[in-house]
Amino acid sequence: MKGNERAMIVNLKDRITTSQAAVVLVNYILAAGILTLPRTSVEKVKTPDVWITVILGGLIAIMAGIIIVKLSQQYPKKTFYQYSQELLGKWVGGLLCLLIVGYFFTLSAFEVRTLSEVTGFFLLEDTPAWAIIMPFMWIGLYLIMGGINPMARLFSLIFPISVVVFLLVAFMSSGIFELDNLRPVLGLGIKPILAGLKTTGLMFLGPEIMLLLVAFMQQPDKAVKVILVGVSIPMIFYVITVVMVIGALSVDGVVTRTWPTISLIRSFEIPGLFFERFESFMLVIWIMQIFATFTITYYAAALGLAQLFKKNIHPFMYGLIPIIYIIAMTPKSINDLFKFGDMIGNAALLLFGVMPLLLLIVSKLKEGKHETET
Amino acid sequence: MKQRHKNVRLLFRFLSFLLLLTLTGCWSQREIEELGLVVGIALDLEKDKSLEEALERNENRYPDKALMTITNQLITSETTGAGKKEGKSQQKAYNNVSESGDAILPVLRNMVLRSDKHLFAQHLKVIVIGEDLARTVNLNQILDFFLRGQEVRPSSIILIAKNRASKTLESKEPAVIPALHLIQISKGQERTTKILPPISLGKLSGKLHSESSFLLQNVSTKNGEVKFEGASLIDGRAKKLRGFLNEKDLEGITWVTGKGKGGLVKSLDEKTGQLIIYEIESMKSKIRPHVVGNNISFEVNISSEGRIAENWVVSRKVSENEFLKRAEKVSKKEVERLVKNVLDKTQKEYQADVLGFGDRLRIEYPKVWENVKKDWDQTFSKIPIKYNVKLTITDYGTSVLNK
């Protein structure tokens, strides 16, 4: 059994440090949403208090993440795919795993499609979608063939670049920032803030990766710390984004823009600077972030299948490519795509908002039972 | 076995040559020689009947739609070298192309029929809308294409032209690019109170969506020269041009909003009737709404520090405190006059809040604002507004006496 186990968990010696785990989480959370967040949240909140909603959404994500971590810590060195069957029995556990695998590759398809939509619109007008998507997916395949460690290392390279470029571009827009656009604070009470909570909470999709990641950590007992750091950093990114976008374009202006964050960066010019189209910088780091999210979800799906069927992971990696491609090409229009994103969000709410808490309770009960029995 | 291994390696070696194909460059590349960089766009309403008929014959144009003429200012590889002083050629540094029709994009695409350049608007600087067009067509409709398209930069500045907009994109000097010239002028806001802070396309989309009235900078042409002259009042509901404010009104607006960065106040000394020029060093304005029951009122507190920059009053020691007080007082009166003038004009004549009073109410009394925002322009016209002006002269330059 032991030898068998080693074969199917592609190299569990492949461990990552606590800081690497945090970087993986940050890169996973930051993805497609940052370009639309100001609009989707303002549409719901309708007041400039969106930034409070974002912070609250982050706090909720941290709570959900901690529950997930606590659940995973009950079963050291095992991923969710392995312990769920132990916890729920072969069939129920297996079914749940399949659902989660489905979620992961659907999400990776969504990321790929958003990538092709935005780069096709803003950067590479004449390049067909397949020519954008295919190299992207192949390089992703190449990366995840190496397992979790090369991924974590690549993300550690991407991360500082993203931070620097993001902050640079965000603060360059301070020239058109107007504080009055962000006032009044809590002018209409807290009701509007709560209206946007679901939207902003879903921006922090990502802590679910801890279902798997804890098993790869050198020090799994520090997983809560990973959640705290890994969610707070995207939270800062998001708060800066909504503050700068609303400050420049005003609540009324934000709702008219499909991609408000890109509109913001296109709305200013730095006099005396030779360079003009800063959005290309922003899009570059954004593509890197999408790539990170894509590879993590892709890997998580492949890992799930491999562990579920106790087979080598590589065939699953190859096999998922066409599936992801076909799902990515299914939405017919940009509205379909946005709807598709909402659907994934709702699924995530059920799978990772409600389910881990139930499972944690079940596992605690079981544990209690064992203890009384012995 | 070994032989097979070798073959596979050879195959990979050949395959790796395929990688060279990816080094040929970008898929969506465009050569800069083939681009026509659009730096300015002028939009005019066309009233010429014969042109209208000619167009209707040749194209599937809808007869009852407003006819526009669009003028693109292009910079191309041919024009960049031209217009320089050392070259003897009198070719202009820019190239204006005009075309007429009833919607923006079809017109722009019709330019393809005449031009060898690929129009490229990623570096667009300014959009000038002619007064007739702004008066008759909803600004949301005119600008829809520019806000929707991915190519036009939201950082481009919007101006309203008195009479024809296409005239503002022409210059007598071949070396000057009129669109860039307009941008340079709009930066003069630091030295005069007669220019509004520039409004970009990106900011405009918010203003158009908010239903509140606002101002756009005017530009006029005379003898082939452009000049920033007053502003246009855009109605928040109809989103059309309602009327003009002159330069003096603009001074008042700058004082009320406190958004000026510099400028002058010209006033007459009460005793001698001579000129005193006060130069603004800093300017602040605080609009305070008061709500008692259902009654809304506003209080505007304007304060400014500055210096005496020019003085025509003879044989007085400028440094004397008594004289400084006198100068402060007349300058203050002048500012009060400007403020009163613009308040009267916006409240009585136009009944439109373009001074940001509504915004202050929104910030300080959000719940009251929710109730009144629907008919705000109407409500605003009847609201009492008090104003206090405080000017302080901090110095008088390098000359103490004036003799």
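**Helix 14 and the A–B contact**

Of the 31 residues in helix 14 of chain A, 26 are buried, so this helix is largely enclosed by the rest of the structure. Here, buried means that 20 or more other C-beta atoms, placed from the backbone, lie within 10 Å of the residue's own, and helices are DSSP runs of H or I with at least four residues, numbered from the N terminus. This is a predicted model, in which local features need pLDDT of at least 70 and side-chain atom pairs count only at pLDDT 80 or more, while totals for chains, interfaces and linings use all residues. Residues are numbered from 1 along each chain as its sequence is written, and chains are lettered from A in the order in which they are written.

Helix 14 covers residues 279–309 of chain A, and its end C-alpha atoms sit 44 Å apart, which agrees with the 45 Å expected at 1.5 Å a residue (1.5 Å times one less than the number of residues). Right after helix 14 comes Lys310(A), with a positive phi near 50 degrees.

Zooming out, chain A has 16 helices and zero strands. Buried residues account for 48% of its 374 residues. The C-alpha atoms of chain A fill a box of roughly 70 × 50 × 35 Å along the principal axes.

Chain A also meets chain B: the contact (C-beta atoms within 7 Å) takes 25 residues from chain A and 20 from chain B. On the chain B side, helix 8 (201–209), helix 11 (357–364) and helix 12 (366–372) each supply at least two residues. Helix 8 of chain B gives the largest share of that side, five residues.

Methods. A residue is buried if 20 or more other C-beta atoms lie within 10 Å of its own, exposed if 12 or fewer, and partly exposed in between; C-beta atoms are placed from the backbone. Two residues are in contact if their C-beta atoms, placed from the backbone, lie within 7 Å.
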